[in-house]
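Visitor: I'd like to go through this one with you, and I'll keep asking how you know. Shall we take a look?

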Amino acid sequence: MLSIFVSGLNKHTGKTIVTAGIAGTMQSLSYSTSVYKPIETSGVEVDGGISSTDISAISNFDSNIKTSISYLFKSPSTPLAAAYESNNTKIDIQKIYNDYQTNIQMTECHIVEGTNSIASPIDETRVEADIVKTLGLPLLLVLNPKKSTIEDAIMGINYVNSQHLNLLGVIVNNYEENSFYLEEKYFPQFVEEYTNAKILGTLPHYSDMQKLTPETLIADVLNNINIEDIFGLKIAKLNM
């Protein structure tokens, strides 16, 4: 089964662009692909309801990618706080498991995207890491050197290891190889040197996200991310 969970160490690391890029790439390689978000915060009001900005972005990127979501909250707070603010809603991890099981029947490739961070509380006793455990998925961690220091990365990866999660590796997003800031420039190298995490690829800094095309993002994924290692398979089209 081609399934992964994409998470980060904090908000705004670029999980959705990584998810869209990988999903769009797999779809372009003729693997039917779905993206499932158990929880999303920061929903926007549209026509009297709440719309998911992340799911909308992925659908706009490639309408063939099947998308679904279990809990959507307007509040930008952590899922636990956002649920409290939404008529004291309770996030049910069994519902998330059931929705995921339904979702994986639809396509060959399945990507689950987390919310704020791997340690975000989802109820009074659980955090996002517990969703990863419940679904039994390998974890792909998205790090952004403009949002996290190398110290953040080391502590975050140590936390992931303490939770006994199956960490596939790290994607460094928003990466500037020739950055003036040395910690950014050498961020992938430092992650591998100071942790047990493998760098599975990078995505560059995009100066204008509004002008980013699916073709450009897919090309960057194919050129800079090890798709075969992420999903543990040989893709014939990539080895011709």
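Guide: Let's settle one word before anything else: a residue is buried when its relative accessible area is under 20%. And keep in mind that this is a predicted model.

Visitor: Fine. What makes both faces of strand 7 covered?

Guide: Go through the residues by side. Leu139, Leu141 and Leu143 lie on one side, Leu140 and Val142 on the other, and all of them are buried. In a regular strand the side chains alternate between the two faces of the sheet. For strand 7, residues 139-143, the count is five buried out of five, so "mostly covered" fits by the under 20% cut-off.

Visitor: How do you know which strands pair with strand 7?

Guide: Two strands pair if there are at least two bridges between them. Strand 1 and strand 7 have four, in the parallel sense, with Val6 standing opposite Leu140. Strand 7 and strand 8 (residues 167-175) have five, also parallel, and there Val142 has Ile171 as its bridge partner. Both pairings therefore meet the requirement of at least two bridges.

Visitor: Why is helix 5 called largely enclosed?

Guide: Because six of the eight residues in helix 5 (128-135) are buried. Those residues are Glu128, Ala129, Asp130, Ile131, Val132 and Leu135.

Visitor: What do the buried residues of helix 5 pack against?

Guide: Contact here means heavy atoms within 4.5 Å. The packing partners are strand 1 (2-8), strand 2 (33-40), helix 4 (93-103), strand 6 (109-113) and helix 6 (150-162). Just after helix 5 comes Gly136, with a positive phi of about 65°.

Visitor: Zooming out, what makes the chain as compact as a globular protein of its length?

Guide: The chain has 10 helices and nine strands. Its radius of gyration is 17 Å, and the globule rule gives 18 Å for 240 residues; the two values are close, so the description holds. The C-alpha atoms fill a box of roughly 50 × 40 × 35 Å along the principal axes, and buried residues make up 52% of the chain.

Visitor: What share of the contacts joins residues at least 24 apart?

Guide: Counting contacts between residues at least 6 apart in sequence, 76% join residues at least 24 apart.

Visitor: And how many charged side chains are there of each sign?

Guide: The chain has 16 positive and 27 negative ones, and the centres of the two sets lie 2 Å apart. As for the accessible surface, about 11,200 Å² in total, 49% belongs to carbon and sulfur atoms.

Technical notes: Residues are numbered from 1 along each chain as its sequence is written. This is a predicted model: local features need pLDDT of at least 70, side-chain atom pairs count only at pLDDT 80 or more; totals for chains, interfaces and linings use all residues. Side-chain values use heavy atoms; hydrogens and water are left out. Buried means under 20% relative accessible area, exposed over 50%, partly exposed in between (1.4 Å probe, protein chains only). The radius of gyration is taken over C-alpha atoms; the globule rule is 2.2 Å times the number of residues to the power 0.38. Accessible areas come from the Shrake-Rupley method with a 1.4 Å probe; for residues, only the protein chains shown count as cover. Lys and Arg count as positive and Asp and Glu as negative; His and the chain ends are not counted. The place of a charge is taken as NZ of Lys, CZ of Arg, CG of Asp or CD of Glu.
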